[in-house]
Amino acid sequence: MLRTVASRMAVSRRSLHSSARCMVKAGDSLPNVSVQLSSPGDTVALPDLFKDKAKAILITVPGAFTPGCSKTHLPGYIREAERLKSTKGVDLIACASVNDAFVMTAWGKALYNDEVTLLADPKGDLAKALDLDFDASAALGNHRFKRSALIIEQGIVTQVFEEPDKTGLSVSLVEEVEKHL
C-alpha cells in the first residue's frame, strides 16, 4: 500500500512539473513564432524575418497608440532609422506589440512610419516566448510586452535592453541602444 501511494505521488509530481520560462538573453536564437504584418493573413516567422540580417534591432512596446510608445519610443527609432542603417550597418528595425495587425498598421500610418517594420503579436505568443510579457490588464486589458530593445545578428540575440520597471523610457531608447551597435 505504501508503494502505491508513493507511486501516485510521483505521478502527480511529474504531471504538475513545468519548466520555468527564461527571459531572452544574449546568445539566444529567436523563437519560432509567427507574427502578423499588414493583416492577419500576412504572417512571417520571426527567425525568417531576421535570419539574413547582419545587424537588426527589435523593439517591443506595451501598446500601439499608448503615450510613451507613440510620443517617444517608436518615433525615436523612426527618426533615426535612416542614419542607423547608413552609419551603423543596421539592416532592419522592427517593433512588436501585443496588438492586432490592423491596429499596428493604423499606428504606423498615424506616425508616418516608412522606416520600421511593425509586427503584430495579437495573442502575445512572441511576448511569452521571449519572456518579455507582463500583466497589464489593469491599464491595457491583458498581458503586454515589457518595453525593451534587442540587437540581433543573423537571427541571434546579441544584446537585450529591458526597462527595469517594464514600461519606462530609458535603457531601450534609440540613443542608448545605438551606443552598443
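**Notebook: strand E8 and the core around Ile57**

I began with strand E8 and noted that five of its six residues are buried, so E8 is largely enclosed by the rest of the structure. I keep in mind that this is a predicted model.

Next I looked up the partners of E8. Strand E3 runs antiparallel to E8 and is joined to it by five bridges, and within this pairing Leu58 has Leu150 of E8 as its bridge partner. E8 also pairs with strand E9 (residues 156-162), again in the antiparallel sense, over six bridges, where Leu150 is matched with Val160 of E9. In the hairpin of E8 and E9 I found two residues between the strands, and Gln154 takes a positive phi near 55° there.

I then turned to Ile57, which is found in strand E3. Its relative accessibility is 1%, and I therefore count Ile57 as buried, the cut-off being under 20%. Leaving out residues up to four places away in sequence, I listed what Ile57 touches, including Phe50, Tyr77, Ile93, Leu150 and Val177. I also checked Ile57 against Val116: they are 59 residues apart along the chain, and their C-alpha atoms are separated by 9.6 Å.

Finally I looked at the largest nonpolar core, which has 24 residues, and Ile57, Leu74, Tyr77, Ile93, Cys95, Trp107 and Val116 touch the most other members. Among the elements that give two or more residues to this core I noted E3 (56-61), helix H3 (67-87) and E8 (148-153), while H3 gives the most, with six residues. Apart from this core lies another, of 23 residues, and I wrote down Val35, Val44, Leu49 and Ala96 as being among them.

Technical notes: Residues are numbered from 1 along each chain as its sequence is written. This is a predicted model: local features need pLDDT of at least 70, side-chain atom pairs count only at pLDDT 80 or more; totals for chains, interfaces and linings use all residues. Side-chain values use heavy atoms; hydrogens and water are left out. A nonpolar core is a set of buried Ala, Val, Leu, Ile, Met, Phe, Trp, Tyr and Cys residues joined through side-chain atoms within 4.5 Å. Buried means under 20% relative accessible area, exposed over 50%, partly exposed in between (1.4 Å probe, protein chains only). Helices (H or I, at least four residues) and strands (E, at least two) are DSSP runs, numbered from the N terminus. Contact means heavy atoms within 4.5 Å. Two strands pair if DSSP finds at least two bridges between them.
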